[in-house]
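This report goes through selected features of one protein model. Please look over the sequence and the structure before reading on.

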Amino acid sequence: MQALYTTNLFMHATAGAIGLVSMFVPLLCKKGSRLHRGAGWVFTAAMATVAVTGVLMALSWVLVPLQVKPPSRVLDAAEQARYLSMLRTYALFFGFLAVLVGSATWQGIVAIRQRRRSIAWGNSVDRGFAAALLGLGALLLLVGISEEQPLLIGFGGLGLFNGVGDLRFYRQMKRERGAWLLRHVQAMLGGATAATTAFAVQVVGRTLSNNGLESWGILAWVVPGVLGMLTSVAWSRRVRRMMTPGYTRG
C-alpha cells in the first residue's frame with residue numbers, strides 16, 4: 001500500500017509541476033495558435049492527472065490513513081483520534097480541490113467542443129461534476145462550521161456557489177455571444193487557481209511553518225485564490241469586449 005501511495009504521490013507532484021509551468025504559455029501566447037493549443041493540451045493532461053491522483057490520495061487518507069501517513073511517533077488513543085480526524089479533514093479539503101480541478105478541466109474541453117457542436121452542455125459528466133461540487137462543498141462547509149475553520153467555510157461556500165452556478169448555466173436556453181470562449185477561459189483559469197492553491201498550501205505553507213512563520217500560512221491559502229479571481233475577471237472582460245460586434249484590436 002505504501003509503495004502504491006508513493007507512486008501516486010510522485011505522479012501527482014510531477015503532473016502538478018508540469019501544469020504550473022505550462023499554464024503560463026496559453027495565457028501569454030497568441031490565442032488559437034499551434035503553441036497555444038499544444039501547451040493547452042499539455043496543461044489539460046497535467047490537470048486531469050492531478051485530479052485523478054488527488055482523489056486517490058484523499059481516499060487513501062480516509063480509508064487507510066495510518067498505512068499511508070503513519071505518525072512520526074507512537075500516539076496514545078486520544079492523540080491518534082485527533083491525528084485521524086486531522087487527516088480526514090485534509091482528505092476532504094484536498095479531495096474537494098481535486099474535484100474542482102477535474103471539473104474545470106472537463107468544462108474547458110467541453111467549451112472547445114461546443115464551438116463545433118460535438119458535445120452538449122449539461123451532459124451527464126457535467127452534471128456529475130456539479131453534483132460532486134455541491135456535495136463536497138456542503139460537507140466542507142459543515143466541517144468548517146463545526147471546527148470553526150473560516151477557510152473550510154470559505155471553500156465550502158465556493159463549492160456550493162460553483163455547483164449551483166454550473167447547474168444554472170446548463171439550464172439556460174439562450175447564452176451570450178461567444179459563451180464557449182468565455183466558459184473555456186474561466187474554466188482553465190479556475191483549474192489553474194485550484195492547482196496553484198493546493199501547491200501553495202503544501203509547499204509554501206509547509207515551508208513557512210517549518211521556519212516558525214505559521215501565522216503567515218494563511219497567505220498560501222488566500223493569495224492564489226485572490227489572484228486567480230482577479231485574473232479571471234480581467235480575462236472575462238477582455239473576452240466579452242472581443243465578442244462585442246464591431247470590436248477591433250487596439
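The sections below cover the basis of the model, its charges, its surface patches and some single residues.

## Basis of the model

The model is predicted: local features need pLDDT of at least 70, side-chain atom pairs count only at pLDDT 80 or more, and totals for chains, interfaces and linings use all residues. Residues are numbered from 1 along each chain as its sequence is written, and side-chain values use heavy atoms, with hydrogens and water left out.

## Salt bridges

A salt bridge here is a side-chain nitrogen of Lys or Arg within 4 Å of a carboxyl oxygen of Asp or Glu. By this rule the count comes to 2 salt bridges. Side chains of opposite charge can pair when their charged atoms come close.

One of the salt bridges joins E79 and R73, with 3.2 Å from N to O. E79 is partly exposed, because its relative accessibility is 22%. For this and later statements, buried means under 20% relative accessible area, exposed means over 50%, and partly exposed is in between (1.4 Å probe, protein chains only).

D166 pairs with R183, and their closest N and O atoms are 3.1 Å apart. D166 lies in helix α7 (residues 150-171) and R183 in helix α8 (residues 179-210), so this salt bridge ties together parts that are 17 residues apart in sequence. Helices are DSSP runs (H or I, at least four residues), numbered from the N terminus. Both D166 and R183 are buried.

## A buried charge without a partner

Which side chain of opposite charge is nearest to D126? It is R183, 6.4 Å away, and D126 has no salt bridge although it is buried. In assigning charge, Lys and Arg count as positive and Asp and Glu as negative, while His and the chain ends are not counted.

D126 lies in helix α6 (residues 124-146). Not counting residues up to four places away in sequence, D126 touches W106, V110, A120, W121 and Y170. Contact means heavy atoms within 4.5 Å.

## Surface patches

Two patches are described here. Patches are made of residues with over 30% relative accessible area and no salt bridge; like charges are joined within 9 Å, and nonpolar side chains (Val, Leu, Ile, Met, Phe, Trp, Tyr) within 5 Å. The place of a charge is taken as NZ of Lys, CZ of Arg, CG of Asp or CD of Glu. Accessible areas come from the Shrake-Rupley method with a 1.4 Å probe, and for residues only the protein chains shown count as cover.

The positive patch on the surface gathers R34, R37, R113, R115 and R116. Helices α3 (34-63) and α5 (77-115) each supply at least two of its residues. R113 has its place in helix α5 and is partly exposed, because its relative accessibility is 31%.

The nonpolar patch is formed by I218, L219, V222, V223, V226, L227, M229, L230 and V233, which together have about 740 Å² of accessible area. One of these residues, L230, is found in helix α9 (residues 218-242). L230 counts as partly exposed because its relative accessibility is 49%.

## Helices α6 and α7 and the loop between them

L134 is in helix α6 and, at 24% relative accessibility, counts as partly exposed. Leaving aside neighbours within four places in sequence, L134 is in contact with G159, L160, G163, V164 and L167. The C-alpha atoms of L134 and V185 are separated by 22 Å, with their positions 51 residues apart along the chain.

L158 belongs to helix α7 and is partly exposed at 32% relative accessibility. From C-alpha to C-alpha, L158 and L133 are 8.8 Å apart in space, and they are 25 residues apart in sequence.

E148 lies in the loop between α6 and α7. Its phi is near 55°, a positive value in a residue other than glycine. E148 is exposed, with a relative accessible area of 68%.

## Residues in helices α3 and α9

In helix α3, L59 is partly exposed with a relative accessible area of 43%. L59 and R88 are 29 residues apart along the chain, and their C-alpha atoms are separated by 9.0 Å.

Is S236 in helix α9 buried or exposed? S236 is buried, because its relative accessible area is 4%. Apart from neighbours within four places in sequence, S236 is in contact with L182 and Q186. Its C-alpha atom is separated by 28 Å from that of L141, 95 residues apart along the chain.
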